Amino acid sequence: MQKVEHGTAMMMSLRKQWRDIPPVLWVLLVMAIASYPLTEAFGRTGGFSLQFLANVVERSVTLAIVAVGQTFVILVGSIDLSVAFVISLAAVMASYFMQGNATMILIAVPAVLLMGAGIGWINGFLVTRGRVNPLIATLGMGLIIQGILSTSFQNFAGSVPQSYQIIAYGSLFGIPNSFFLLLAVAFGAAFVLRKTRFGAHIYAVGGNSEAARLSGINTDRIMRRAHLIAGLLAALAGLFLTSRLGSGAPWVGPDGIYDLESIAAVVIGGTILAGGRGGVFGTIIGVLIFGLIDSLFNQLGIDPYLKQVLRGLIIIFAVAAYSMRSKDEVA
Amino acid sequence: MSKQPQTSSLLTPVWSRLSRMEPIYIILAAIVLAIVLSNPIYADYGPMMQLLRRASPLIVLAVGQLFVIVSGGFDLSVGSLITFIVLLSALVLNTHPEQVYACIALCLAIGIAAGSLNGLVVSLLKVPSIIATLGMLLAYRGAGLYLSGGSARGNLPDTFRAFGRETVYGFPIALIVVIVFGVFAAWILHGTNYGRQLFAVGTNPRAARLSGVNVTMVRVVAFMFSAVSAVVAAILLGGFSGVSTAVGNGYELQAISAAVLGGAVLLGGRGSVPAVIAGAIALHALFTLLNIWGFPKPMRDAVQGIIIISAVAYSAWRR
Amino acid sequence: MLFERIARPLMVALVAGGSFAATVQAQDNNEFFDQAEYDRQIQLLDAKPMGPEGKPWLQSMMDNYRDTSQYKKEGPWVVCFSQAGIFNPWQVVGNQTMKEELKLHPKIAEFIMTDAEGKDDKQIADINDLVASDRCDVLLVTPNTTAALTPAVERACEKLPVIVFSRGVATECPVSYITPIGGYAFGAQAARFVSENLPEGGNVLALRISPGVDVLETRWSAAERIFSENDKIKVIGAEFTNDDRAIAKSIVEDYLQRFGKIDAVWMDAGATSAAAIEAFEDIGVDIPIFTGEDQQDFLAKWKEEGLTAIAPTYPTFQWRTAIIAAEMILSGEPVPGPIWYLPQPTITNENLDKYLQANMPPQHYALCGCEEMEGYPENWGGTK
């Protein structure tokens with residue numbers, strides 16, 4: 001490998017980079033370009049503008065953060081249905097801890113993140129040690145969280161201080177803070193997946209768990225850590241949502257259908273449900289497609305429930321586009 | 001994933017039979033006993049029938065779900081299919097209240113079409129069933145709410161509602177529906193060639209295909225069964241509560257939970273109709289027990305979560 | 001390795017601790033009770049409305065006006081509306097009424113509506129979209145919940161005149177917040193009726209729509225106070241129905257199962273009263289004291305069974321007022337504000353027949369103020 005000529009190496013890396021671009025990017029681009037004349041012609045709220053695009057991104061941030069976490073578990077061949085409930089838990093706990101008090105931010109944020117990571121780790125533990133099907137393990141965990149949370153809080157719990165809402169509503173150099181958060185999460189995750197040993201192990205375990213085990217990887221530990229990251233990022237999404245809403249309530253997670261939509265975004269982005277192939281940027285594009293549909297439908301004044309139908313069909317066809325030619329048995 | 005060959009013979013000692021019996025029957029008996037001890041009124045015929053009547057949509061749904069689970073998949077679309085059917089029936093019957101039976105026939109036809117669609121998407125487009133039915137979950141809910149404008153509209157006439165509300169000689173009509181459906185499902189799954197093929201597909205689809213089973217057909221029929229069970233459950237639930245937009249919410253998870261509780265093995269190959277019926281009744285009875293004990297309603301979710309994790313962990317440990 | 005070794009017990013402890021803290025902590029939410037406002041509403045119930053007789057949607061219970069000359073604009077206008085959602089029959093009737101009212105305003109050239117499907121997060125984004133588009137001359141908002149939508153409404157106020165109705169926000173920045181007399185009056189009337197009709201005391205079940213909405217929280221906080229002043233009354237539960245018949249009915253069945261006897265059902269909205277009554281019928285016990293709203297299925301049941309019942313109302317004619325207020329603001333006419341109190345009639349045994357309309361669908365609300373409008377009753381689903 002080291003002896004390959006420099007130019008060829010460049011070419012190969014370029015080609016590799018090219019192949020790394022998920023094909024769904026073209027879908028997003030086509031949609032974005034198509035939405036330009038559409039909104040100009042029929043748009044009810046000012047047509048296509050930078051503001052329009054900014055709003056698309058802004059309404060996608062929460063889902064994007066969760067979906068990046070979901071990417072980790074799906075890559076490793078698992079799944080996490082508890083994320084929506086972790087978001088609720090994080091949102092309620094954050095605003096309950098803070099009670100409008102700015103000094104509590106420093107305690108509440110790490111505590112909530114740790115809580116999310118802890119739940120993720122328990123999910124991973126149930127899957128690896130308990131040998132519980134990940135769907136059931138994370139679904140069960142979600143139900144447990146939701147049950148306890150809704151029993152204890154029937155309403156918005158506490159509130160966040162004004163200074164905390166800067167995360168969602170503030171901006172730096174004219175760019176909303178939420179963009180920076182999104183970029184940090186996306187690039188952080190991409191770095192972990194591509195440049196670290198842990199990232200390589202995730203692909204190895206997801207691709208072929210048995211082979212990975214034989215090559216000396218502690219597959220169970222990789223699985224637990226992937227789940228831990230999903231829980232952590234779900235909690236982060238919850239923290240962001242609290243900043244946006246000003247308070248947390250037990251229904252904010254399930255209301256946003258973050259569990260199903262995050263899975264949908266991941267698979268639309270080209271990550272294979274069986275694990276081992278895919279990446280974070282595809283996921284982000286998947287999320288942006290959803291955000292674009294939201295904004296576009298608002299602009300065109302189409303019934304919002306039709307949008308849900310369309311979302312459902314997009315999920316199916318996006319996955320079909322990847323899986324149709326596969327020879328494997330699918331159930 | 002390999003299983004012990006089943007050597008059941010009349011000579012097998014009783015204790016060995018007991019040890020192989022699905023634990024769900026013991027759990028069900030214990031829960032019912034706890035209910036009766038907590039509130040003796042449940043030993044009476046009327047309250048017990050009430051309890052069973054309220055469990056009946058879940059029983060039907062769990063049996064339908066069992067077919068898909070045995071085939072190795074999941075059907076997450078049933079809850080929102082229920083919502084869709086109830087909202088659609090209310091709108092149709094609002095303008096034609098006399099056409100109840102035509103409406104039910106229409107709904108069953110929709111169920112068959114919806115099930116085939118799920119099955120074909122999974123088999124031909126190779127979309128994993130969890131994603132395919134998740135997409136349909138969003139689509140049916142969206143379509144139902146689109147039809148009704150987002151709110152409960154229209155009306156269900158009393159003849160439609162009779163299935164979920166009325167009794168014949170003190171026996172709930174809903175339970176008659178459950179018995180007919182249950183017996184039919186048990187015969188299909190445990191007494192026909194199709195049932196054997198379904199188990200074969202769930203255990204090892206490749207082997208089944210090689211031995212000449214039409215895997216696509218078997219899968220499609222399983223999804224059809226599940227969707228039809230959702231339509232039947234929708235008629236019972238719509239009858240019980242009238243038109244509502246939240247009527248099917250969460251039922252897909254309860255159905256999967258009930259099936260798992262009844263010993264069905266996720267990813268295919270094992271499960272029995274009577275045990276799953278017992279699982280559904282046990283789950284509903286457990287909710288009733290928690291209610292009698294004064295647990296707040298959300299705690300049912302938590303208990304359901306603990307149960308399904310334990311049930312799956314137990315069956316993993318047993319094998 | 002080290003990370004997991006240290007973090008593992010810490011996380012488990014935190015999760016356990018967090019859930020424990022969440023379980024033991026009792027909720028005592030008083031932020032929605034305001035004695036002065038409570039007293040004012042009770043007083044307004046007996047006040048005589050100002051404005052044209054027989055047109056309650058134009059009337060005002062108080063003599064408070066806001067100058068709007070700064071918003072005066074030549075027509076034609078673009079009116080924007082961020083709607084929380086159309087997820088219950090009350091909103092359906094309101095929307096229909098609003099649609100018909102719009103036809104009476106030729107100067108409103110365009111009406112742009114977004115639907116948040118009952119999600120706070122989406123409604124925040126919707127309001128941002130509408131404001132950023134720079135096309136709206138006035139913004140109508142029906143907030144999904146109070147606290148979450150307040151910042152979005154505040155930011156919209158900086159750019160254009162805002163009218164809030166249906167549900168409130170915690171700011172007085174909108175030019176007018178259009179509301180019937182209010183939730184305290186609603187909740188208190190129903191609770192007093194229950195309390196007075198239960199001289200021996202008894203079990204009361206409270207059914208509420210959803211939490212976090214000021215106009216609903218006030219209804220319950222008033223009722224809760226009245227019930228707590230009567231030691232013979234035991235509130236056996238206060239549950240949320242999401243305004244859904246299926247949920248309401250199963251909650252009532254659960255409580256009947258658990259307590260055996262319910263003497264009164266207090267409701268903060270009427271859409272599910274009829275479903276809740278069914279639960280008693282199915283189990284075969286007498287229908288207790290009920291409170292509801294001006295929804296036809298409840299009124300019909302009331303008449304048919306001769307119930308002991310009362311129906312405070314939260315009239316849907318406020319959806320007309322919102323459009324009228326928009327035109328007033330853009331014409332520079334003074335509008336009642338910061339709060340425009342509309343009349344809030346109460347349905348009792350005496351005037352029940354006046355509100356019972358056999359030709360209207362079960363989910364129609366009697367106080368739509370739409371009887372004189374073009375297309376009535378067909379456009380509201382009724383028959384002539």
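**View 1. The surroundings of A:Ile87 in this predicted model.** Start with A:Ile87 and look at who it touches once residues up to four places away in sequence are left out. On the list are A:Val66, A:Ala234, A:Ala237, A:Gly238 and A:Leu241. A:Val252, A:Gly253 and A:Tyr258 touch A:Ile87 as well.

**View 2. The largest nonpolar core.** Zoom out a bit, and A:Ile87 turns up again, listed among the residues with the most contacts inside a core of 339 residues. Also on that list are A:Leu233, B:Ala62, B:Ile82, B:Val276 and C:Ile163. Which helix gives this core its largest share? That's helix H11 of chain B, residues 215-241, with 18 residues. Chain C joins in too: domain 1 (38-182 + 316-344) and domain 2 (183-312) each supply at least three residues to the core. As a rule of thumb, nonpolar side chains in soluble globular proteins tend to be buried together.

**View 3. The two domains of chain C.** Here's how the domain assignment splits chain C: residues 38-182 plus 316-344 make domain 1, and residues 183-312 make domain 2. Going by C-alpha atoms, their centres are 29 Å apart. Where they meet, domain 1 puts in 17 residues and domain 2 puts in 14.

**View 4. The side of domain 1 that touches domain 2 in chain C.** Three helices of chain C each give two or more residues here: H2 (35-44), H3 (89-102) and H5 (146-157). Which element gives the most? It's H2(C), with four residues. Sort this side of domain 1 by residue type and you get eight nonpolar, eight polar and one charged.

Technical notes. Residues are numbered from 1 along each chain as its sequence is written. Chains are lettered from A and ligands numbered from 1 in the order in which they are written. This is a predicted model: local features need pLDDT of at least 70, side-chain atom pairs count only at pLDDT 80 or more; totals for chains, interfaces and linings use all residues. A nonpolar core is a set of buried Ala, Val, Leu, Ile, Met, Phe, Trp, Tyr and Cys residues joined through C-beta atoms within 7 Å. A residue is buried if 20 or more other C-beta atoms lie within 10 Å of its own, exposed if 12 or fewer, and partly exposed in between; C-beta atoms are placed from the backbone. Domain bounds come from an automatic or database domain assignment. Two residues are in contact if their C-beta atoms, placed from the backbone, lie within 7 Å. Ala, Val, Leu, Ile, Met, Phe, Trp, Tyr, Cys and Pro count as nonpolar, Asp, Glu, Lys and Arg as charged, and the others, Gly among them, as polar.
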